[in-house]
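Me: Got a minute to walk through this one with me? I'd like to go over rings, strands and packing.

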Amino acid sequence: MSGRQAEKKTYIYAFARTPRGLYHTIHPIYRPYIITTSPYRPPSHTITTITTTIQHTMAPPAMTEASTAEIGSVKGSLKPNIGVYTDPQHNLYVEAASPSAEEVQSGSTLAEGEVVVQIRCTGICGSDVHFWHAGCIGPMIVTDKHILGHESAGTVIAVHPSVKTLAIGDNVAVEPNIICNACPPCLTGRYNGCESVLFRSTPPVPGLLRRYVTHPAVWCHKLPATMSFEDGALLEPLSVALAAIDRSGLKLGDAALICGAGPIGLITLLCAKAAGAEPIVITDIDQGRLDFAAKLVADRPGSLQTYLVPRGASDTDNAAAIVAALGGVEPDVALECTGVESSIAAAIHAVRFAGTVFVVGVGKSEMRFPFMRLSTREVDLKFQYRYCNTWPKAIRLLDSGVLGAIRGLVTHRFGIEEAVGAFETSADMKSGAIKVMITNEG
């Protein structure tokens with residue numbers, strides 16, 4: 001055992017019968033004891049959970065010659081793997097990353113159910129910039145060197161023999177989560193609430209801004225031939241907006257307020273238009289972004305009003321101006337995409353009695369809200385944490401052209417070697433950047 005102390009490795013075998021069929025997973029949890037079978041049984045699923053324990057060493061099992069030979073991997077030379085890093089000192093740099101090109105070609109790092117994706121395009125998210133500048137988002141803190149990026153698409157270049165759904169050469173969009181499939185949120189289909197989730201680019205889980213990434217095949221969504229790598233990278237922010245439209249309850253003919261004309265706000269605007277919201281007003285503190293929003297939907301049916309939020313204006317004054325911009329109509333639904341306290345408060349004051357304020361944006365850990373306005377007007381205040389079950393829908397909507405206008409959000413493109421410049425451009429409001437893409441030509 002090479003001097004390594006043996007410990008017990010507990011596997012939870014979970015079988016969940018869902019509308020999509022029988023789903024099976026094996027989730028290893030390291031413990032010195034056996035975990036008892038959970039009594040949890042969601043009413044909409046038939047769950048069977050079996051727990052067993054085996055002895056193992058701390059080292060991963062070595063691959064046999066036969067299993068190595070069965071690994072499918074791309075032939076020919078590969079460039080060295082590199083990644084885009086930040087650290088607790090707020091540095092931003094490009095350096096070597098894992099898996100190495102040699103490991104990719106040998107398949108030695110692939111586990112059951114995994115593939116290696118050559119990342120071809122990655123969008124920079126505001127959270128990436130925030131981890132670089134602030135070093136944290138709430139309790140998610142950069143404590144060591146850390147690879148960024150979670151909006152990615154690429155080509156499968158290595159496949160474990162257990163994977164039957166993907167093959168070398170398939171183009172895929174990477175859904176950036178790895179879930180346990182054993183906790184109540186997972187078993188009820190709300191896996192964005194997984195209690196043991198590994199989410200790419202959220203510390204300490206390394207992100208996707210690399211040349212090559214190993215990822216479970218189940219979270220690599222095959223792209224149709226009509227979609228580009230850039231399209232695939234746009235599916236992640238599109239998923240955020242689709243989840244917001246769904247969970248906010250926005251309906252055909254609802255008056256809608258969208259707070260913030262950044263990438264998420266603009267994609268939410270496109271989704272609200274497609275959902276039939278009318279009228280719509282979008283707010284921002286930057287006139288350039290409001291002008292961009294107006295051009296983005298200029299050929300779409302219905303109206304769009306824009307409201308430039310004056311610095312220093314009160315929440316109630318902003319709310320009154322928003323209602324005035326809608327012709328005196330109080331919004332049925334406010335989709336708050338900034339996470340800024342004053343913007344959330346203005347939305348609360350603006351919506352109608354029994355309206356909904358749905359907060360998509362991420363903000364500071366603690367905020368003050370106009371509680372009595374919420375109470376006396378029966379306003380529903382809801383929040384969003386990532387997304388679930390959105391990728392197939394997003395692919396259909398983008399590929400069909402229903403949400404094809406999302407492609408217009410891409411304003412800048414950089415090679416992965418120029419990633420530092422890409423981040424500087426994305427973070428600079430004066431650059432006019434909306435969505436910055438980092439590409440890897442292989």
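**Charges over rings, and onwards**

Reply: Sure, starting with a charge over a ring: the charged end of Lys145 sits over the ring of Tyr85, 4.9 Å from the ring centre. Keep in mind that this is a predicted model.

Me: And Arg386, which ring does its charged end sit over?

Reply: That would be Phe199, with the charged end of Arg386 3.7 Å from the centre of the ring.

Me: OK, aromatics then. How many aromatic pairs does the structure hold?

Reply: Five aromatic pairs. Take Trp132 and Phe423: their ring centres are 6.0 Å apart and the planes make 85°, so this pair is edge-to-face. The cut-off for that label is over 60 degrees.

Me: Where do Trp132 and Phe423 sit along the chain?

Reply: In distant parts of it, 291 residues apart. Trp132 belongs to helix H3 (residues 126-133) and Phe423 to helix H12 (residues 419-427).

Me: Trp132 and Phe423, buried or exposed?

Reply: Both are buried.

Me: What about the rings of Phe199 and Tyr387?

Reply: Their centres are 6.5 Å apart and their planes are at 55°, so that pair counts as tilted. Phe199 is in strand E14 (residues 198-199), while Tyr387 is in the loop between strand E22 (380-383) and helix H11 (391-399), so the pair ties together parts 188 residues apart in sequence.

Me: How accessible are those two, Phe199 and Tyr387?

Reply: Phe199 has 5% relative accessibility and counts as buried. Tyr387 is buried too, with a relative accessible area of 2%. The cut-off for buried is under 20%, so both values qualify.

Me: Which residues do ring pairs link into a cluster?

Reply: Phe199, Tyr387 and Trp391.

Me: Switching to strands. Why call E11 largely enclosed?

Reply: Because nine of the nine residues of strand E11 (residues 151-159) are buried.

Me: What does E11 pair with, starting with E7?

Reply: Strand E7 (residues 114-123) is joined to E11 by eight bridges, and the two run antiparallel. One residue to click on is Val117, whose bridge partner in E11 is Val156. E11 is also joined to strand E12 (residues 171-174), by four bridges and again antiparallel. There, Thr155 stands opposite Asn171 in E12.

Me: And the open sheet of three strands, what's its order?

Reply: E6-E5-E10, with antiparallel pairing. The edge strands are E6 (92-96) and E10 (146-147), each pairing on one side only. Strand E5 (residues 82-86) and E6 share five bridges in the antiparallel sense, and Gly83 stands opposite Glu95 in E6.

Me: Which helix packs on that sheet?

Reply: H12, which touches E5 and E6. The direction of H12 makes about 155° with that of E6.

Me: Now the nonpolar packing. Which residues touch the most other members of the largest core?

Reply: Leu235, Leu238 and Ile282, in a core of 51 residues. Elements that give two or more residues to this core include helix H5 (229-248), strand E18 (280-284) and helix H7 (287-296). The largest share, 10 residues, comes from H5.

Me: What does Ile282 touch?

Reply: Leaving out residues up to four places away in sequence, the contacts of Ile282 include Ile258, Leu266, Leu269, Leu290 and Ala293. Leu304 and Tyr307 are also among them.

Me: What's in the second core?

Reply: That one is separate and has 19 residues, including Val129, Leu148, Phe414 and Ile416.

Me: Couple of single residues to finish. Thr268, buried or exposed?

Reply: Buried, with a relative accessible area of 0%. Thr268 is in helix H6 (residues 263-274). Beyond neighbours within four places in sequence, Thr268 is in contact with Ala241, Ile245, Ile258, Leu335 and Cys337.

Me: And Glu102, exposed or buried?

Reply: Exposed, because its relative accessible area is 59% and the cut-off is over 50%. Glu102 lies in helix H2 (residues 101-106). The C-alpha atoms of Glu102 and Pro80 are separated by 8.6 Å, and the two are 22 residues apart along the chain.

Terms used:
Residues are numbered from 1 along each chain as its sequence is written. This is a predicted model: local features need pLDDT of at least 70, side-chain atom pairs count only at pLDDT 80 or more; totals for chains, interfaces and linings use all residues. Side-chain values use heavy atoms; hydrogens and water are left out. Buried means under 20% relative accessible area, exposed over 50%, partly exposed in between (1.4 Å probe, protein chains only). Contact means heavy atoms within 4.5 Å. Rings of Phe, Tyr and Trp (its six-membered ring) pair if their centres lie within 6.5 Å; planes under 30 degrees apart count as stacked, over 60 as edge-to-face and the rest as tilted. A charge sits over a ring if NZ of Lys or CZ of Arg is within 6 Å of the ring centre and within 35 degrees of the ring normal. Two strands pair if DSSP finds at least two bridges between them. A nonpolar core is a set of buried Ala, Val, Leu, Ile, Met, Phe, Trp, Tyr and Cys residues joined through side-chain atoms within 4.5 Å. Axes are lines fitted to C-alpha atoms, for helices over the stretch in contact, and angles run from 0 to 180 degrees between N-to-C directions.
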